[in-house]
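Work through the following exercises with the coordinates open beside you. Each task is followed by a solution that proceeds step by step.

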Amino acid sequence: MPGGSEFGVVQSGPRRLWDEVERAFRWWDGHGRPGFESFGLTVGEEGQRAWLGDPGRSWAL
């Protein structure tokens, strides 16, 4: 609806995708809304790791 501020979401299927989107948004917002240039990806024999700002603070994908 033009000018609306709230919209309903219907989820179905094996994953709750909208819940994941909301979780990701809260994480991003809680980290100061960093731009894409602040993120990195390291790929090695151990697998793939994403990071924000510093490769030493990474998490597995």
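**Exercise 1: An aromatic pair across the fold**

Trp59 has a relative accessible area of 34% and is therefore partly exposed. The model is a predicted one.

Task: Determine how the rings of Trp27 and Trp59 are oriented towards each other, and which parts of the chain their pair ties together.

Solution. Begin with the partner, since Trp27 has a relative accessibility of 33% and so also counts as partly exposed. Next, take the geometry: the ring centres of Trp27 and Trp59 are 5.6 Å apart and the planes stand at 65°, and because an angle over 60 degrees counts as edge-to-face, the pair belongs to that class. Finally, place the two residues: Trp27 lies in helix α1 and Trp59 in strand β3 (residues 58–60), so the pair ties together parts that are 32 residues apart in sequence. Ring pairs also bring in Phe39, linking Trp27, Phe39 and Trp59 into a cluster.

**Exercise 2: An aromatic pair within one helix**

Task: The search of the whole structure finds three aromatic pairs; classify the one formed by Phe25 and Trp28.

Solution. The rings of Phe25 and Trp28 have centres 5.6 Å apart, and their planes meet at 50°, which is neither under 30 nor over 60 degrees, so the pair is tilted. As for location, both Phe25 and Trp28 belong to helix α1, where they are three residues apart, about one turn of the helix. Turning to accessibility, Phe25 has a relative accessible area of 40% and Trp28 one of 30%, and because partly exposed covers the range from 20% to 50%, both residues fall into it.

**Exercise 3: The helix and its salt bridges**

Task: Compare the span of helix α1 with the expected value, and then find the salt-bridge partners of Glu20, Asp19 and Asp29.

Solution. Helix α1 (residues 17–30) contains 14 residues and reaches 20 Å from its first C-alpha to its last, which is close to the 20 Å expected at 1.5 Å a residue. Just after α1, Gly32 adopts a positive phi of about 80°. The count of salt bridges comes to three. In one of them the side chain of Glu20 meets that of Arg15 at 2.6 Å, N to O, with Glu20 partly exposed at 30% and Arg15 partly exposed at 49%. In another, Asp19 is joined to Arg16, the closest N and O atoms being 3.3 Å apart; here Asp19 is partly exposed at 26% and Arg16 at 47%. There is also a salt bridge between Asp29 and Arg33, with the closest N and O atoms 2.6 Å apart, where Asp29 has a relative accessibility of 36% and Arg33 one of 47%.

**Exercise 4: The sheet and the confidence**

Task: Establish the strand order of the sheet and identify its edge strands, then state where the confidence is lowest and where it is highest.

Solution. Three strands form an open sheet in the order β1-β2-β3, with antiparallel pairing. The edge strands are β1 (39–44) and β3, each of which pairs on one side only. Neighbouring strands of this sheet are turned by 30° against each other on average, direction ignored. Between β1 and strand β2 (residues 47–52), which run antiparallel, there are six bridges, and Gly44 stands opposite Gly47 in β2. As to confidence, the protein averages a pLDDT of 93, and 100% of the residues score at least 70; the lowest mean, 91, belongs to β3, and the highest, 96, to α1.

Notes. Residues are numbered from 1 along each chain as its sequence is written. Side-chain values use heavy atoms; hydrogens and water are left out. Helices (H or I, at least four residues) and strands (E, at least two) are DSSP runs, numbered from the N terminus. The expected span of a helix is 1.5 Å times one less than its number of residues. Rings of Phe, Tyr and Trp (its six-membered ring) pair if their centres lie within 6.5 Å; planes under 30 degrees apart count as stacked, over 60 as edge-to-face and the rest as tilted. Buried means under 20% relative accessible area, exposed over 50%, partly exposed in between (1.4 Å probe, protein chains only). Two strands pair if DSSP finds at least two bridges between them. Axes are lines fitted to C-alpha atoms, for helices over the stretch in contact, and angles run from 0 to 180 degrees between N-to-C directions. pLDDT is the predictor's confidence in each residue, from 0 to 100. A salt bridge is a side-chain nitrogen of Lys or Arg within 4 Å of a carboxyl oxygen of Asp or Glu.
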